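I sat down with my notebook to get to know this structure. Here is what I looked up, step by step.

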Amino acid sequence: MIRGAGHWRNWGRNQHATPTAVDEPQSLLEVVESVETAASAGQTVKVVASGHSFSDIACTSGRMLRIGALDRVVAIDREALTATVEAGIPLWRLNEELARRGLALSNLGDIDRQTIAGATSTGTHGTGIRYGSIAAAIVGLELVTGSGEVVRCSATQEPEIFACARVGLGVLGVVTQVTLQCEPLFKLRAIEEPLPWDEFLDRWDGIVDANDHVDCYWFPHTDTCTVKTSNRTDDPIRTKRGYKKWKSEIYYGNFRHGLNAALGRRRPEKIPELARNLVTQFHRTERVDLSYHVFCTTRLVRFVEMEYAIPRSEMARGLRSIRELIEREALRVDFPVEIRGIGPDDIPLSMGSGRETCYLAVHLSAGTPYEQYFHGVEAIMNELGGRPHWGKMHFQTAASLAPRYPEWERFQAVRRQLDPEGRFASAFAYRVLGTP
Ligand SMILES: Cc1cc2nc3c(=O)[nH]c(=O)nc-3n(C[C@H](O)[C@H](O)[C@H](O)COP(=O)(O)OP(=O)(O)OC[C@H]3O[C@@H](n4cnc5c(N)ncnc54)[C@H](O)[C@@H]3O)c2cc1C
């Protein structure tokens, strides 16, 4: 189905695009037709999923494909514990569909609004040093190449394409299906508690080793960090419901924070005091729930974000340097810095490729000038061999990125094979990957 061109913007409202046409294919065949139509008109093609990337990775001035109609669960293999799903299924529905069948993904990020292919295409990750990114769970993949050919791949079928297409940045083709390794539906016990800055820096490494999943924040202008540990458990579900759930998740997790952010934008000099007041409210909480309810939260307050993957061993250096930057340049930062550890994977352009990784993410509420803070953080991350999250803001180019990925050329070879004419090119692709 084809709609007229229109204006598009992302969730963070910092990226905009005006495509020449928008297609809404209803089937694999219609995806192929869209790519072929674009080829005969000399247009580029870009799938836009949920628009939850902060970088311009989803922006296009060519033909935009919205594949939300491709959202079915195609097959479940109960013995292998795998699920084959269409690429446009949003994570929140995928989690529910899997749960109904007694399955779950082993790892998730902190929201569930993205589509499965949107999330994996940028290397979206969760937490846990013994776990990989969401894309690391892919065991099979179907995509439409730049010439409209349908390719199916796995570790044994077209292994080079499979290796690269799991984190394909949208430049290797239109992903139409993925097969995901799951595990039996499981529950997590989540404990959240504040920790003082010094103690956090001393203990982070040990906490990461001792727990399945660890998600932490440091609140700028304070000495307070928070640590959320989540571990698999067979205990019965014990979690807040109704008003209590609303109060903790929506009021404290969003409205209260949104109010502070709005106040801070009007009176930036108040931001440190607001942060110090906020952290006095933190206390230990504990709950047991299905994994995807524990991993994923509701994010209603809009922000912009930069996130870097650095070697795990550099966490304390990276975080200390961010704090020094904020203090030295008297920056007013109204959002916390997030700290996550995750295990290595073998995907050429995954940010966690080949090394245990610490992700450091900096945020500012939407509409705040971010350049000074984000440039400063990027300079720190450059010193630490940082790889920017493909779906988040950064100022790198192909020249600065290539040396950070040992398998850069392997990806480029597959890109030349699947898209020699640059059908899936965009300003982002040219800047961060170079010409195909
Ligand atoms: C509030 C919020 C919280 C977030 N939390 C996390 C987190 O915890 N961890 C983390 O790592 N990231 C996180 N992110 C980043 C987010 O997961 C990624 O940017 C993700 O790629 C967005 O998915 P999307 O479905 O919105 O894809 P889009 O942003 O729409 O697209 C991203 C890229 O994927 C490509 N793509 C999408 N579908 C296909 C397809 N079918 N075939 C080929 N290419 C395709 C697009 O062309 C584009 O290049 C968060 C973002 C927000 C806004």
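I began with the ligand and asked which residues come nearest to it. Of the 33 residues around the ligand, the nearest are A49, G109, G118, G170 and G391. I kept in mind that this is a predicted model.

Next I wanted to know which elements each supply at least two residues of the shell around the ligand. I found β5 (45-47), α3 (116-121) and β12 (174-181). Helix α3 gives the largest share of that shell, with 4 residues.

Then I sorted the shell by class. I noted 16 polar, 14 nonpolar and 3 charged residues around the ligand.

Since β12 had turned up at the ligand, I followed this strand into its sheet. In what order do the 5 strands of the open sheet run? I read β7-β8-β12-β10-β11, with antiparallel pairing. At the edges I found β7 (73-77) and β11 (150-154), each of which pairs on one side only. From one strand to the next, the twist averages 10°. I also jotted down a reminder: strands of a sheet pair through backbone hydrogen bonds, in a parallel or antiparallel way.

I looked more closely at one pairing in this sheet. Strand β10 (residues 138-144) joins β12 through 6 bridges, in the antiparallel sense. One residue I checked was V144, and its bridge partner in β12 is V174.

My last entry is about a helix. What does α1 (residues 28-41) lie across? I saw that helix α1 lies across β10, β11 and β12, and that α1 runs at about 140° to β12.

Notes:
Residues are numbered from 1 along each chain as its sequence is written. This is a predicted model: local features need pLDDT of at least 70, side-chain atom pairs count only at pLDDT 80 or more; totals for chains, interfaces and linings use all residues. A residue is near a molecule or strand if its C-beta atom, placed from the backbone, lies within 6 Å of it. Ala, Val, Leu, Ile, Met, Phe, Trp, Tyr, Cys and Pro count as nonpolar, Asp, Glu, Lys and Arg as charged, and the others, Gly among them, as polar. Two strands pair if DSSP finds at least two bridges between them. Axes are lines fitted to C-alpha atoms, for helices over the stretch in contact, and angles run from 0 to 180 degrees between N-to-C directions. Two residues are in contact if their C-beta atoms, placed from the backbone, lie within 7 Å.
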